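Grab a pencil and work through a few short exercises on one protein. Try each task yourself before you read its solution.

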Amino acid sequence: MNRVLVVDDEPQIVRALVINLRARKYEVDSAHDGATALRLAAARHPDVIVLDLGLPDMDGVEVIRGLRGWTRVPIIVLSARQASDEKVEALDAGADDYVTKPFGMDELLARLRAAFRRATPGGPEDGAATVETESFTVDLAAKKVNRDGVDVRLTPTEWHLLEVLVRNTGRLVSQKQLLQEVWGPSYGTESNYLRVYTAQLRRKLEADPAHPRHFITEPGMGYRFEK
């Protein structure tokens, strides 16, 4: 049975969606804010997410980015925002489709069926939401790192670099890819940025930063994260 996560702070919309989806034999979870949505996505592994952008605790685009840190689950945005730049922002962040409110239930259900067809057979090939090593744990859904029972404070850039490496555990990530994913498409040769921020991650997370076990440098090529 296919599972849908509905994320919206308008109770009447959630109720209408839940009734219609369950009537069509979907399993449905619902969340009224972004934090709950991220937790439920990690715990319940929905096959499709229907997401409002105007949430009480964070913007829906932040939720999309948080999800895209660890999952490729199809995301259908359901929002009253109709400006083209806001649609572009949501799609660029990783949304797969965009439906504006007010909406027709038949249209939304058709888009939902299309999202299921586009999804990887058997569900998206997601990585684990939590990655554990001997000394620290990375929670990609909650965007937190815990070392020896204590939360580690990372800067946004440190987190972004860590996230890219952890998403590619065991695989070499080139310097150019890291620079463009963390700093932007106009970057590609500033290898000193990577040296500085990788050193900071090692100091915060490695037991012996001088002899790293988890953040491995492949000279002249890139970096690799090992559990």
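Buried means under 20% relative accessible area, exposed means over 50%, and partly exposed is what falls in between. Keep those cut-offs handy, and remember that this is a predicted model.

**Exercise 1.** Work out which parts of the chain the salt bridge between Lys101 and Asp8 ties together, and whether the two residues are buried or exposed.

*Solution.*
Step 1: Start with the contact itself. The side chains of Asp8 and Lys101 come together in a salt bridge, at 2.9 Å from N to O.
Step 2: Now place each residue. Lys101 sits in the loop between β5 (97–100) and α5 (105–118), while Asp8 is in the loop between β1 (3–7) and α1 (11–23), so the pair links parts 93 residues apart in sequence.
Step 3: Check the burial. Lys101 and Asp8 are both buried.

**Exercise 2.** Sort Asp148, Arg147, Glu218 and Arg224 into buried, partly exposed or exposed.

*Solution.*
Step 1: Take the salt bridge of Asp148 with Arg147, where the closest N and O atoms are 3.9 Å apart. Asp148 has 63% relative accessibility, and because exposed means over 50%, it counts as exposed.
Step 2: Arg147 has a relative accessible area of 21%, so it is partly exposed.
Step 3: Next comes the salt bridge of Glu218 with Arg224, with 2.1 Å between the closest N and O atoms. Glu218 and Arg224 are both buried.
Step 4: Some partners are shared, too: salt bridges join Arg3, Glu27, Asp29 and Arg44 into one network. The structure holds 18 salt bridges.

**Exercise 3.** Find out which helix gives the most to the lining of the largest pocket, and how many charged residues that lining has.

*Solution.*
Step 1: The largest pocket has a volume of about 290 Å³.
Step 2: Look at who lines this pocket: the residues include Arg65, Asp92, Trp159, His160 and Glu163.
Step 3: Go by helix. α3 (60–68), α4 (84–93) and α6 (156–167) each supply at least two lining residues, and α6 gives the most, with 5.
Step 4: Go by class. You get 7 charged, 3 nonpolar and 2 polar residues in the lining.

**Exercise 4.** Name the residues that touch the most other members of the largest nonpolar core.

*Solution.*
Step 1: This core has 49 residues, and the ones you want are Ile49, Ile64 and Leu162. Here α6 gives the most again, with 6 residues.
Step 2: Another core, of 20 residues, lies apart from it, with Val6, Val14, Ile76 and Leu112 among its members.
Step 3: Zoom in on Ile49. Leaving out residues up to four places away in sequence, Ile49 touches Leu5, Val7, Ala41, Leu67, Val73, Pro74, Ile75 and Ile76.

How values were computed
Residues are numbered from 1 along each chain as its sequence is written. This is a predicted model: local features need pLDDT of at least 70, side-chain atom pairs count only at pLDDT 80 or more; totals for chains, interfaces and linings use all residues. Side-chain values use heavy atoms; hydrogens and water are left out. On a 1 Å grid over the protein atoms alone, a cavity is a set of points where a 1.4 Å probe fits but cannot get out, and a pocket is an open set with protein on both sides within 12 Å along at least five of seven lines; lining residues have an atom within 4 Å of a point. Grid points are joined across faces, edges and corners, and a volume is the space filled by probe spheres set on the points. Helices (H or I, at least four residues) and strands (E, at least two) are DSSP runs, numbered from the N terminus. Ala, Val, Leu, Ile, Met, Phe, Trp, Tyr, Cys and Pro count as nonpolar, Asp, Glu, Lys and Arg as charged, and the others, Gly among them, as polar. A nonpolar core is a set of buried Ala, Val, Leu, Ile, Met, Phe, Trp, Tyr and Cys residues joined through side-chain atoms within 4.5 Å. Buried means under 20% relative accessible area, exposed over 50%, partly exposed in between (1.4 Å probe, protein chains only). Contact means heavy atoms within 4.5 Å. A salt bridge is a side-chain nitrogen of Lys or Arg within 4 Å of a carboxyl oxygen of Asp or Glu.
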